[in-house]
Amino acid sequence: MKVVVKRLNIEFRQGLKEFWTEFQLPWSQQHENIITLVGYCDERKEDIIVYEYAKRGSLDQYIRCENTNYTLTWPERLKIVVDIARGLDHLHNHLQNNQVIIHGDIKSSNILLDHRWIAKISDLGLSKLTFSDFEDTRAVISLPVGRHIIVEMEQEYGLVTQKTDVYSFGMVLFEVLCGRLSYIKDKDGIMLTEKLAKEHYSKDQLDRIIDPAIRGQMSPNSLRKYSAIAYKCLHVREQRPRMDVVKRELEETLNIEVRNF
């Protein structure tokens, strides 16, 4: 089988904490939408993790169409975000023994696509395993200097909850809708930020920033439902929906689009 090998820099040993985190998580609880750990090595000063190979690469390449000539259709984008939501819902709500995993670094570059275009959450090096219920789940994540992470305003001193993942996923939803990567200025000078997304939604002006490649493919109902749940994900922490709610709303959005196809 084809695999991806991640090898820690032997000289500098940077990322050692993230390395240990990735293979100490409860990998026995596999899910179709979470990258599969094939194996690892920690012998003779070699720290290596082996993952399944995702042939299509990362989602961010298709959002900005960099290094690829393929443009995702609206139904394909919906299927991908549903996959991501299912993976996150599994980490938050469906592990054994009341365990919860907070990913802590949800962004389009950490979403991989396999040969069937199935989306898989990867890079769990910043994740935290906790043993609490839903809204009470809290953990401290130390953010590496210089690493681009989609961070909510409420996050202070690295304190995160499951709602942190919901916020980051909300920004990914707007990236997928707009064909822009968040907090990176595009060719037209526009930068997709939380403020920009929320302002255009509240003023009913999303059409101004929606990816032109998919405007003619969307039914009004699916766009309305999709944008509403994406907007709610960016609310203040206490008002954000749980991941199982986000998943259900996106699955219904996909069903709307499939029925209209």
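# A tour from β3 to the cores

Start with aspartate 42, which stands opposite aspartate 47 in β3. Strands here are DSSP runs of E with at least two residues, helices are runs of H or I with at least four residues, and both are numbered from the N terminus. The model is predicted: local features need pLDDT of at least 70 and side-chain atom pairs count only at pLDDT 80 or more, while totals for chains, interfaces and linings use all residues. Residues are numbered from 1 along each chain as its sequence is written, and side-chain values use heavy atoms, with hydrogens and water left out.

**Whole chain**

Before zooming in, colour by secondary structure: the protein has seven helices and ten strands. Of its 261 residues, 54% are buried (buried is under 20% relative accessible area, exposed is over 50%, and partly exposed lies in between, with a 1.4 Å probe and protein chains only). The accessible surface is about 13200 Å², and carbon and sulfur atoms account for 49% of that surface (Shrake-Rupley method, 1.4 Å probe; for residues, only the protein chains shown count as cover). Among contacts between residues at least 6 apart in sequence, 68% join residues at least 24 apart (contact means heavy atoms within 4.5 Å).

**Strand β3 and its partners**

Select residues 46-52, which form β3. Seven of the seven residues of this strand are buried, so β3 is largely enclosed by the rest of the structure.

Add residues 3-7, strand β1, which runs antiparallel to β3 and is joined to it by five bridges (two strands pair if DSSP finds at least two bridges between them). One point to label is valine 5, with valine 50 as its bridge partner in β3.

Next add residues 37-43, strand β2, which pairs with β3 over six bridges, also in the antiparallel sense. Here tyrosine 40 stands opposite isoleucine 49 of β3. Two residues separate the strands in the hairpin of β2 and β3, where arginine 44 takes a positive phi near 55 degrees.

**A nonpolar patch**

Show the surface and select Met1, Val3, Val5 and Val38, which make a nonpolar patch of about 400 Å². Patch residues have over 30% relative accessible area and no salt bridge; like charges are joined within 9 Å and nonpolar side chains (Val, Leu, Ile, Met, Phe, Trp, Tyr) within 5 Å. A salt bridge is a side-chain nitrogen of Lys or Arg within 4 Å of a carboxyl oxygen of Asp or Glu. Valine 38 belongs to strand β2 and is partly exposed, at 41% relative accessibility.

**The largest core**

Now hide the surface. The largest nonpolar core has 53 residues, and those with the most contacts inside it are Leu59, Ile84, Phe169, Leu177, Tyr226 and Leu250 (a nonpolar core is a set of buried Ala, Val, Leu, Ile, Met, Phe, Trp, Tyr and Cys residues joined through side-chain atoms within 4.5 Å). Elements that give two or more residues to this core include α2 (59-63), α3 (74-93), α4 (162-178), α6 (220-233) and α7 (243-260). The most comes from α4, with ten residues.

Centre on phenylalanine 169. Leaving aside its neighbours within four places in sequence, this residue is in contact with Val81, Ile84, Ala85, Leu88, Ile106, Met243, Val246 and Leu250. A second, separate core has six residues, among them Phe19, Ile35, Leu37 and Tyr51.

**Helix α5**

Select Glu194, Leu196, Ala197 and His200, the buried residues of α5. Helix α4 is among what covers them. After α5 comes aspartate 204, with a positive phi near 55 degrees.

**A three-stranded sheet**

Move to the open sheet with the order β4-β6-β7 and antiparallel pairing. β4 (57-58) and β7 are at its edges, each with a single partner strand, so one side of each has no neighbour in the sheet. Antiparallel β6 and β7 are joined by three bridges, and isoleucine 111 stands opposite isoleucine 121 in β7.

**Two loop residues**

Finish with two backbone angles. Asparagine 97 is not a glycine but has a positive phi of about 60 degrees. This asparagine 97 sits in the loop between α3 and β5 (100-102) and is exposed, with a relative accessible area of 63%. Tyrosine 183, also not a glycine, has a positive phi of about 60 degrees. Its loop runs between α4 and α5, and tyrosine 183 is partly exposed at 35% relative accessibility.
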